[in-house]
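I opened this entry to look up one helix and one residue. The notes follow in the order I checked them.

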Amino acid sequence: MTESGRLLKEILERGRAEARRSGSTVVEAEHLLLALAAHPGTSAQHVLAAADLGRDAVRAALDREFAVSLRVAGVELSDVDLPVATADPERAVGLGTSAKLVLDRAVRRAGLGPGRIRPAHLLLGLLDAEVGTVPRALALAGVDRLELVRRARAALAEEEDR
Amino acid sequence: MAGAGTVTDTDPADALAAVAALRRLGDRLEDSAVESAMRAGWGWPQVAEALGVTRQAVHKKHAKRLIAAGVALRRRDA
């Protein structure tokens, strides 16, 4: 397996763990963002960290998006008694629609086969979404999405020069 | 029909995000409510009927998780 393939596999596995942890039955785009922010040593993680988006900051931004969106429907999350259900550590977690879209966009960004997708391509795949949970969470956190795209592309160009 | 403050006055992005968030909230509530009921000794048929779904559906969705969580389950047809 190529270095890129191995990294992609590790990040998807981390995304699955994030999905299980949040009680989701499938991996969504937001879980891939959490995984990228948490996976050490990649250029995608560096780009996110430089924008103050560590794993916990991403989690906080996603939680805020959840609360804000529920409020549109008149639901105040603080009023809902939400006991945490026990997660199933063995649960098979497939890819949800939003995560598949991220992968499709990452492939397009990479212009290569899926085995050649680097974490920064995955990040670009996430940042290419204009609607949905991830761009809303980033906007609420005051993050300039297009600036992140620029930085991720610069990081990729630097990697390719090496 | 739509008066001030109805969801139709809302930015479509906000309205659609609210739908997505409500679905997620519903899933989370279901997980915790089913777990609480089973811990309180409810059987699958009652839980299923209360949710308005089939017993098979609720069992398939939650049994493995609850067994892993160590919840003492009553017999499936109890």
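I looked up what the buried residues of α5(A) pack against, and found β1 (26–27), α2, β2 (94–95) and α6 (119–127) of chain A. The model is predicted.

I then listed those buried residues: A:Ser98, A:Ala99, A:Val102, A:Ala106, A:Arg109 and A:Ala110. They sit on the same side of α5(A), because they cover an arc of only 110° around the axis. I noted the background to this: an α-helix has 3.6 residues a turn, so residues three or four places apart point the same way.

For the opposite face of α5(A), turned away from the buried side, I noted the exposed residues A:Thr97 and A:Arg108.

Next I checked the span of α5, which runs over residues 97–110 of chain A and has 14 residues. From the first C-alpha to the last, α5 reaches 20 Å, close to the 20 Å expected at 1.5 Å a residue. Just after α5(A), I recorded a positive phi of about 65° at A:Gly111.

I moved on to A:His31, which I placed in helix α2 (residues 29–38) of chain A. Is A:His31 buried or exposed? I entered A:His31 as buried, because there are 28 C-beta neighbours inside 10 Å, and the cut-off for buried is 20 or more.

Leaving out residues up to four places away in sequence, I found that A:His31 touches A:Gly15, A:Glu18, A:Ala19 and A:Ser24. For one of these, A:Glu18, I looked up the C-alpha separation from A:His31: 5.6 Å, with the two residues 13 apart along the chain.

How values were computed:
Residues are numbered from 1 along each chain as its sequence is written. Chains are lettered from A and ligands numbered from 1 in the order in which they are written. This is a predicted model: local features need pLDDT of at least 70, side-chain atom pairs count only at pLDDT 80 or more; totals for chains, interfaces and linings use all residues. Helices (H or I, at least four residues) and strands (E, at least two) are DSSP runs, numbered from the N terminus. A residue is buried if 20 or more other C-beta atoms lie within 10 Å of its own, exposed if 12 or fewer, and partly exposed in between; C-beta atoms are placed from the backbone. Two residues are in contact if their C-beta atoms, placed from the backbone, lie within 7 Å. The expected span of a helix is 1.5 Å times one less than its number of residues. The arc is that of the directions from the helix axis to the C-beta atoms.
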